[in-house]
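Take a look at the sequence and the 3D structure below, and turn the structure around slowly before you read on. We will go through it together, one part at a time.

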Amino acid sequence: MSGLRLAQATRLSKSLSIRQRSLRVAVQRNASTSTAPASSAFSTGLYATIFVVSTGLFTAYYLDSRSAIHRYVLNPIVRYTLDPEEGHKLAVKVLRSGFGPRDTQKDDEVLGLNLWGTQLTNPVGLAAGFDKNGEAVDGLFNLGFSWVEIGSVTPKPQDGNPKPRMFRLNNDSAVINRYGFPSEGHVSVLNRLLARIPRFHQSSPDEHASLRTDALLAVNLGKNKSSPPDSIDDFVSGVRAFAPYADVLVVNVSSPNTPGLRGMQSRSLLQELLSGVLKARDDVVSANSLTHKPKLILKIAPDLTEEEIVDVAVAVRNSGVDGVIVSNTTIKRPSSLTDANKVEVGGLSGPPLKPYSLAAVRTLRTQLPAEVPIFGCGGITSGADALEYARAGATAVQLYTSFGYDGVGTCRRIKDELAEELRKEGTTWAEVVSRAVAEKSYKQAPLSQPVLPGEGSVGQLIQEAEELRKLLDSLGDRLDSGMAGEGPRTP
């Protein structure tokens, strides 16, 4: 009997043990299933919060037309962590990607101007040198520029000068570069411009190569280092290649980093060059029945003397070229420079360039007729700087170094500052330019006597001969006075 009771007790104990284990498993399962939804909800909430915050930050970045995050955060980080040329390439890649910021604001009406029959909403353009190979054209237009100039583009691909070749002068907010026209060549850049054109696109007479109604696309034409210094063939080749796909073609004879190039700014060579590229442009337009004729303009150096600027102006007047950009970088080193990199060889740009460019604009304006526009470029960092160029007689302005330092919001910031300055004065950009151009531009001297019918050419020859005689008399007087000042010479 006792054995039976012991067996029953043993079975009961095992049964209770099994039930306890089952109960513990059930409790654990219940605990697990009850905490899983809570954990999942927390993760979902966390991810949603991160997504919302990230989306908000990206939207703010994308729509912040002045892009303060670039000016005060990203650009300084890039400036002090990356090599200048690598930072430059990174900026081009971002704008090429389509994810760069956009200028979403409407330009103030006081900024408008009419250029060659095209109504632009603002006078602020981007100079050549930033997008050398036409990679980010539309990304740059999205930043609010009315003019984007790509290049310089050379006929054949070339690497440019050895690295390092770009140097920041942070203390002076300036840059020295000796790039030497690194270029992928005509074929590569031309293919990119062709790829921008939508399929089945129908052109119209009032269409621009920019594919925008209120902006112009310019192509800056350079020369291969291996080409003969006095040859115009590279520029003629560039005109033939890009005339159908550009609103403006820029003949760049002013870079200090290509040996012999600046020598083409002399009057005789320049007249030959301008005649050649104008003929090439007209031939392309005629041969291809183009609905638009691209404008041809010249880009000059700020280091020319007054006499050399006068020679340039004579060549421009005689050729019929459509405008002049003043200016490229300078080889001068003002005493105000404090950065250690000021000793580097190359072209200087940024605020230290401004006095030289402005002086060249003022001189050139007096030597060109009102219908030939001048584009001011050099050291523009604010709306006040841009307005100073307008008062000197420039029709529009271009940025370069300030864009590199302050980032993608620079164009919008300068436009806003400029509009504020104009409204304070109760005027518009077009009015300021019109007054300056009317007052300062070159005016053909009237003939001393009325021209009778059929005698115009003879009268002009007589007047020119008289002016030449006066110049020779003046030169003779100077030589005589100089020899008298030297005293008797020892044989």
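The paragraphs that follow visit the strands, then the spaces inside the protein, and then the charged pairs on its side chains.

Before we start, keep in mind that this is a predicted model. A good place to begin is with the strands. Strands of a sheet pair through backbone hydrogen bonds, either parallel or antiparallel. Both kinds of pairing turn up here. In one part of the structure, 8 strands close into a barrel, and their pairing is parallel. If you follow the barrel round, the order of the strands is 3-4-7-8-9-10-12-13. From one strand to the next, the twist averages 25°.

To see one piece of the barrel in detail, find strand 9 (residues 295–300) and strand 10 (residues 323–326), which run parallel and are joined by 4 bridges. Which residue of strand 10 is the bridge partner of Leu298? It is Val324.

Now look for the antiparallel case. An open sheet of 3 strands has the order 5-6-11, and its pairing is antiparallel. Strand 5 (166–169) and strand 11 (347–349) are the edge strands, as each of them pairs on one side only. The twist in this sheet averages 20° from one strand to the next. Strand 5 and strand 6 (residues 174–177) pair over 4 bridges, and Phe167 stands opposite Ile176 in strand 6.

Next, let us turn to the empty spaces. How many cavities of 30 Å³ or more does the structure hold? There are 3 of them. The largest cavity contains about 410 Å³ of space. A total of 33 residues line this cavity, and those nearest its centre are Ala128, Asn177, Asn328, Thr329 and Tyr400. Strand 4 (147–153), strand 13 (396–399) and helix 11 (401–406) each supply at least two residues of this lining. Sorted by class, the lining of the largest cavity has 19 polar, 12 nonpolar and 2 charged residues.

The second largest cavity holds about 50 Å³ of space. Among the residues that line it are Leu115, Trp147, Phe375 and Val397. Strand 13 provides the largest share of this lining, with 3 residues. Here the classes come to 7 nonpolar, 3 polar and no charged residues.

There are pockets to explore as well. The largest pocket has a volume of about 550 Å³. It is lined by 25 residues, and the closest to its centre are Asn75, Gly87, His88, Ala91 and Gly404. Helix 2 (68–81), helix 3 (84–97), strand 5 and helix 11 each give at least two residues to the lining of the largest pocket. Which of these elements gives the most? That is helix 3, with 7 residues. By class, the pocket lining has 16 nonpolar, 7 polar and 2 charged residues.

Our last stop is the charged side chains. Side chains of opposite charge can pair when their charged atoms come close. Across the whole structure, a search finds 24 salt bridges. One of them joins the side chains of Asp138 and Arg196, with 3.0 Å from N to O. Asp138 lies in helix 4 (residues 137–141) and Arg196 in helix 5 (residues 186–196), so this pair ties together parts that are 58 residues apart in sequence. Are the two partners buried or exposed? Asp138 is partly exposed, with a relative accessible area of 30%, whereas Arg196 is buried, at 15%.

Another salt bridge links Arg192 with Glu184, and their closest N and O atoms are 2.9 Å apart. Arg192 is partly exposed, with a relative accessible area of 26%, and Glu184 also counts as partly exposed, at 32%.

For a third example, find Glu425 and Arg391, whose closest N and O atoms are 2.4 Å apart in a salt bridge. Glu425 belongs to helix 12 (residues 410–425) and Arg391 to helix 10 (residues 383–392), so the pair ties together parts that are 34 residues apart in sequence. Glu425 is partly exposed at 41% relative accessible area, and Arg391 is partly exposed at 40%. Finally, salt bridges that share partners join Asp103, Asp107, Arg412, Lys415 and Asp416 into one network.

Key:
Residues are numbered from 1 along each chain as its sequence is written. This is a predicted model: local features need pLDDT of at least 70, side-chain atom pairs count only at pLDDT 80 or more; totals for chains, interfaces and linings use all residues. Side-chain values use heavy atoms; hydrogens and water are left out. A salt bridge is a side-chain nitrogen of Lys or Arg within 4 Å of a carboxyl oxygen of Asp or Glu. Buried means under 20% relative accessible area, exposed over 50%, partly exposed in between (1.4 Å probe, protein chains only). On a 1 Å grid over the protein atoms alone, a cavity is a set of points where a 1.4 Å probe fits but cannot get out, and a pocket is an open set with protein on both sides within 12 Å along at least five of seven lines; lining residues have an atom within 4 Å of a point. Grid points are joined across faces, edges and corners, and a volume is the space filled by probe spheres set on the points. Ala, Val, Leu, Ile, Met, Phe, Trp, Tyr, Cys and Pro count as nonpolar, Asp, Glu, Lys and Arg as charged, and the others, Gly among them, as polar. Two strands pair if DSSP finds at least two bridges between them. Axes are lines fitted to C-alpha atoms, for helices over the stretch in contact, and angles run from 0 to 180 degrees between N-to-C directions.
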